[in-house]
Amino acid sequence: MKYCRFEQAGHERFGLIESVAGRECITRMVSSFSDDLHSGERCNLVFDEVTLLPAAQPSKIVCVGRNYREHAAELGHEVPKAPLIFLKPPSALLAPGGTILRPKISSRIEHEGELGVVIKKICYKVREDEDVRHYIQGYTCINDVTARDLQNKESQWARAKGCDTFCPVGPVVTNEVDPWRGLEVETRVNEDVRQHGNTRDFVFTLDVIIRYITQAMSLLPGDLIATGTPSGVGPLTAGDVVEVTVQGIGTLRNPVADEAT
C-alpha cells in the first residue's frame, strides 16, 4: 500500500495511490489516519496535481542520532553504544515543496536525509520476541534539518533540531519496501549528490530502535521515527534546492530561503 496526505477543498485527506493507465493516481480517500483507505471514498485524482501535506501527522517525532558509523566519524563523535534518541516537535513539519527557512538564530543549517518510519498502532515495551513490523504503517523520506552551530554549542538539541520547517516529510508513505534488505538513501543539493548510504549500514536496526524507544515511551498511531543520516551532511544556503530520495519510496524536494526580517 502507498498513500499520501493532501489537501482537498481546504480539508486534510489521506489518499490511496495506485497506478491508473500508467500514471500514479489517488483512487480512494479518507479523512483520518485510522480509517481504512481501501474502503474510502472513490476518487480519481492525479497524484502530481494535488497539494501535498507532510506525509505524517505525528504526536511526536523521535530521531536517532549517529546511526551510521561514517556520519559519527565526520562529526568527530564516537559511535553510540545504545541508540541516541532525541525529539523534534510536530511544529517543525514541512510539506514536500515547502520552503525550508534559515532562521536568524543560526548561521549554519545543514541537511540530513533519512528513512522515516510511520507507526501503525500503539506500542509500548515491545518484547524481544515480537516482530516490530506489526507496529509499522510504512516508510517515508525525512530531512532532519539541523542548525549545526547551535547543536555544537548547546548540550540540548531542542533549538538545533526543532525550528519551524526543520522536518520536511514525504511525499508518500509505503509499506512496499524492506529496510532490512537494504534501501539506498541519497541527498542532493542543486542536483549534486551530497549523501549516499544504505539502511543495511545502520548501527542499530529498526528492531533495536523500536524496542529501545518503547522501553521509555509509548509510540502512538502516526508517530514518526527518523532513523539516522549517512555521512556527507553539509550546509544549505538561500536559493538551494535539497532533495532526499529513498529507494522505492520517492523524492522529497524542498527549496531553501532565509527567514524574513
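Buried here means under 20% relative accessible area, exposed means over 50%, and partly exposed is anything in between, using a 1.4 Å probe and protein chains only. Helices (H or I, at least four residues) and strands (E, at least two) are DSSP runs, numbered from the N terminus. The model is predicted, so local features need pLDDT of at least 70 and side-chain atom pairs count only at pLDDT 80 or more, while totals for chains, interfaces and linings use all residues. Residues are numbered from 1 along each chain as its sequence is written, and side-chain values use heavy atoms, with hydrogens and water left out.

Strand β11 is a handy place to start. It spans residues 113-119, and seven of its seven residues are buried, so the strand counts as mostly covered. In a regular strand the side chains alternate between the two faces of the sheet. In β11, G113, L115, V117 and I119 point one way, while E114, G116 and V118 point the other way. Residues on both sides of β11 are buried.

Which strands does β11 pair with? Two strands are said to pair if DSSP finds at least two bridges between them. With strand β12 (residues 136-143), β11 pairs in the antiparallel sense, over seven bridges. One of the matches puts E114 together with I142 of β12 as its bridge partner. Strand β17 (residues 224-226) also runs antiparallel to β11, and three bridges join the two. Here G116 stands opposite A226 of β17.

Next comes an open sheet of five strands. Its order is β9-β20-β19-β15-β16, and the pairing is mixed. At the edges sit β9 (100-102) and β16 (192-198), each of which pairs on one side only. From one strand to the next, the twist averages 20° (axes are lines fitted to C-alpha atoms, for helices over the stretch in contact, and angles run from 0 to 180 degrees between N-to-C directions).

Walking through this sheet from β9, the neighbour is strand β20 (residues 250-258), and these two pair in the parallel sense over three bridges. The bridge partner of R102 in β20 is D258. On to β19, which pairs with β20 in the antiparallel sense over six bridges; V242 has N254 of β20 as its bridge partner. β19 and β20 also form a hairpin with three residues between them, and G248 in the turn has a positive phi of about 80°.

Why is strand β19 (residues 241-246) described as largely enclosed by the rest of the structure? Five of its six residues are buried, so that description follows. Strand β15 (residues 184-189) runs antiparallel to β19, with five bridges joining them. Across that pairing, V185 stands opposite V246 of β19.

A few backbone details round things off. Most residues other than glycine have a negative phi, and most peptide bonds are trans. The bond from G170 to P171, however, is cis, with omega near 5°, and P171 lies in strand β14 (residues 167-174). K125 is not a glycine, yet it has a positive phi of about 50°. This residue, K125, is found in the loop between β11 and β12, and its relative accessibility is 40%, so it counts as partly exposed. T165 is another residue other than glycine with a positive phi, near 75°. T165 lies in the loop between α3 (158-162) and β14. Is T165 buried or exposed? At 10% relative accessibility, T165 counts as buried.
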